[in-house]
Amino acid sequence: MSTSPTSIRQNLLRWYDTHARDLPWRRPPGSTAAIDPYRVWLSEVMLQQTTTAHAAPYFHAFTARWPSVDDLARADDPEVMAAWAGLGYYARARNLKACARAVAGQHGGRFPCDEAQLRSLPGLGPYTAAAVAAIAFDAPAVVVDGNVERVISRLYAVEEPLPHAKDSLRALTAGLVAVGADGRHGDFAQAMMDLGATVCRPKAPVCAQCPVRSACQALAQGRPESFPVKLKKATIPQKYGLVFILRCGDAVLVETRPDRGLLGGMLGLPTSPWRDTPIAEDEAEVFAPTEAAWRIEGEVTHVFTHFRLRLTVVTAEAPSRGRHNTWHDRVRLQSALPTVFAKALKVGGEG
Ligand code: SF4
């Protein structure tokens with residue numbers, strides 16, 4: 001088999017025609033039916049940092065509730081933030097609203113088809129703009145996510161470590177896009193993603209089933225898993241804090257977090273400040289939202305992008321709602337909170 005870019009692309013697309021993943025935001029391979037850019041954009045934003053299996057129910061819920069970008073543009077901020085709870089990376093939910101409003105207000109409710117114009121929308125970085133341009137509009141955009149980086153680094157046995165190798169990997173991917181006389185740019189982008197997700201997996205790639213195996217230099221060298229080469233990661237810092245679950249009958253005390261900062265604008269449980277040293281048990285009273293018979297129930301850990309957080313879960317019963325006015329129904333609270341707080345609720349005996 002030839003190792004030319006044209007041959008690699010053809011083999012990949014042939015494989016995609018029969019092996020494409022069936023995902024709710026997709027059209028079938030080879031189809032020329034119009035695809036709604038809103039659905040492509042929404043899925044791509046959701047899929048950043050999470051799996052297709054985790055994102056799919058959120059995608060169904062969002063598109064059932066807000067079927068068009070205009071509907072999403074009109075939605076209330078707290079509703080969108082609550083629907084996003086559990087997907088993580090909450091700045092994205094805020095950008096989601098801002099982008100929907102920009103498309104509705106400045107582009108007549110239609111996403112622009114040009115990659116540069118897509119880049120000018122709130123929250124659309126180079127990857128998302130390229131993915132929407134390619135998948136929704138079949139533009140010859142170079143779409144490079146983590147899956148594609150892995151496939152390309154193996155195909156060409158790129159020794160340069162990530163993240164320095166990003167430009168080289170992008171240039172090599174561009175070489176496969178440039179030979180796209182077939183015009184199937186959306187299918188090609190998704191075929192690369194699917195190959196990385198299902199065959200050229202991080203561990204134990206299934207090279208025997210790979211449509212581009214005869215062109216693969218990492219396989220020829222007998223060491224696919226050595227690629228991509230990565231610089232050693234610095235260990236991320238550890239932070240500590242307390243999280244408070246105050247119950248009053250059927251309700252739990254909550255707060256809306258400040259707009260700026262981590263989990264900004266999301267519903268949360270009251271916490272102490274998060275700091276670099278563990279917080280002693282007797283400090284609970286110092287940071288507690290109210291005086292009560294606080295008791296420690298356990299701990300939860302959660303890994304954010306830049307640090308690892310260990311929260312001690314402290315609970316109490318309140319005889320009345322007192323001066324606090326932000327209470328949330330206990331039954332529905334689990335699904336309205338970001339993951340870190342949902343974990344704390346479980347440890348605290350809620351859900
Ligand atoms: Fe990945 Fe193996 Fe295919 Fe090479 S042959 S691209 S390592 S699955």
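User: Which residue of strand 2 does Cys-248 stand opposite?

Analyst: In this predicted model, Cys-248 faces Ala-251 of strand 2.

User: What makes strand 1 and strand 2 a pair, and which way do they run?

Analyst: Two strands count as paired once DSSP finds at least two bridges between them. Strand 1 and strand 2 (residues 251–253) are joined by two bridges, so they meet that cut-off, and they run antiparallel. They also form a hairpin with two residues between them. In that turn, Gly-249 has a positive phi of about 60°.

User: How do you know that strand 1 also pairs with strand 6?

Analyst: Happily, the same test applies here: at least two bridges are needed, and ten join strand 1 to strand 6 (residues 308–317), so the two are paired. These strands run parallel. Leu-242 stands opposite Thr-312 of strand 6, and Phe-244 stands opposite Val-314 of strand 6.

User: What joins strand 5 to strand 6?

Analyst: Eight bridges link strand 5 (residues 295–303) to strand 6, and the two run antiparallel. With at least two bridges required, they therefore count as a pair. Thr-301 has Arg-310 in strand 6 as its bridge partner. Strand 5 and strand 6 form a hairpin with four residues between them.

User: Why is strand 1 called mostly covered?

Analyst: A residue is buried when its relative accessible area is under 20%. In strand 1 (residues 238–248), nine of the eleven residues are buried, so "mostly covered" is a fair description. Strand 6 is mostly covered too, with seven of its ten residues buried.

User: What makes helix 11 largely enclosed by the rest of the structure?

Analyst: Of its 15 residues, 13 are buried, which is why helix 11 is described as largely enclosed.

User: How do you know that the span of helix 11 is close to the expected one?

Analyst: Helix 11 (residues 185–199) has 15 residues, and at 1.5 Å a residue the expected span is 21 Å. From the first C-alpha to the last, the helix reaches 20 Å, close to that expectation.

User: Which residues surround the ligand, and what space does the ligand take?

Analyst: The ligand is surrounded by Arg-154, Val-199, Cys-200, Cys-207, Cys-210, Arg-213, Cys-216, Leu-219 and Pro-224. The space the ligand takes is the largest cavity.

User: How does that shell divide into nonpolar, polar and charged residues?

Analyst: Seven residues of the shell are nonpolar, none is polar and two are charged. Val, Leu, Cys and Pro count as nonpolar, and Arg counts as charged, so Arg-154 and Arg-213 fall in the charged group.

Definitions and conventions:
Residues are numbered from 1 along each chain as its sequence is written. This is a predicted model: local features need pLDDT of at least 70, side-chain atom pairs count only at pLDDT 80 or more; totals for chains, interfaces and linings use all residues. Side-chain values use heavy atoms; hydrogens and water are left out. A residue is near a molecule or strand if one of its heavy atoms lies within 4 Å of it. On a 1 Å grid over the protein atoms alone, a cavity is a set of points where a 1.4 Å probe fits but cannot get out, and a pocket is an open set with protein on both sides within 12 Å along at least five of seven lines; lining residues have an atom within 4 Å of a point. A molecule sits in a cavity or pocket if more than half of its atoms lie within 2 Å of its grid points. The expected span of a helix is 1.5 Å times one less than its number of residues. Buried means under 20% relative accessible area, exposed over 50%, partly exposed in between (1.4 Å probe, protein chains only).
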